[in-house]
Amino acid sequence: MSCRVFLHGDRLAIQATFGYKDDCKSIPGARWDRTAKVWTYPATPGAARAIHETLSPHAFLWADDAAVLLTEAERIAEAAEKGYRDWE
């Protein structure tokens with residue numbers, strides 16, 4: 001199974017098969033969009049990181065616009081690891 005992460009309006013979205021329902025639902029900020037049939041999340045680096053950490057054991061694709069948030073999350077985590085305080 002695979003899924004796709006992309007921007008849907010002003011939120012991150014996951015388009016996935018039913019088998020991922022529990023994983024998608026467990027990510028903080030999850031909302032089910034009945035019309036689009038996707039799970040949505042705040043479009044933030046923190047949400048991108050939570051999606052990546054939850055779904056990393058599975059095959060999934062990040063659209064370029066959503067991948068920007070994941071890159072930003074990695075940059076923030078690296079800065080925090082180094083002890084930088086002014087990384088925003």
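Exposed means a relative accessible area over 50%. This cut-off is used in the legends below, which describe a predicted model.

**View 1. Lys21 and Asp22 form a salt bridge.** The closest N and O atoms of the pair are 3.2 Å apart. Asp22 has a relative accessible area of 55%. That value is over 50%, so Asp22 counts as exposed. Its partner Lys21 is partly exposed, at 29% relative accessibility.

**View 2. Glu53 and Arg49 form a salt bridge, and both residues belong to helix α2.** Helix α2 covers residues 45-55. The two residues are four apart in the helix, so about one helical turn separates them. Their closest N and O atoms lie 2.8 Å apart. Glu53 is partly exposed, at 48% relative accessibility. Arg49 is also partly exposed, at 36%.

**View 3. Glu72 and Arg75 form a salt bridge, and both lie in helix α3.** This helix runs over residues 64-82. Three residues separate the positions of the partners, about one turn of the helix. The closest N and O atoms are 2.7 Å apart. Glu72 is partly exposed, with 29% relative accessibility. Arg75 is partly exposed too, with 40%. The count of salt bridges in the model comes to four, and views 1 to 3 show the Lys21–Asp22, Glu53–Arg49 and Glu72–Arg75 pairs among them.

**View 4. Strand β5 pairs with strand β1.** Strand β1 spans residues 2-8, and the pairing is parallel, over four bridges. Ser2 stands opposite Ala59 of β5. Strand β5 covers residues 59-62. Phe60 and Trp62 make up its covered face. Ala59 and Leu61 make up the uncovered one.

Conventions
Residues numbered from 1 in each chain as written. Predicted model: local features only at pLDDT ≥ 70, side-chain atom pairs only at ≥ 80, totals over all residues. Heavy atoms only, no water. Buried < 20%, exposed > 50% of the residue type's maximum accessible area, 1.4 Å probe, protein only. Pairing = 2+ DSSP bridges. Salt bridge = Lys/Arg side-chain N within 4 Å of Asp/Glu carboxyl O.
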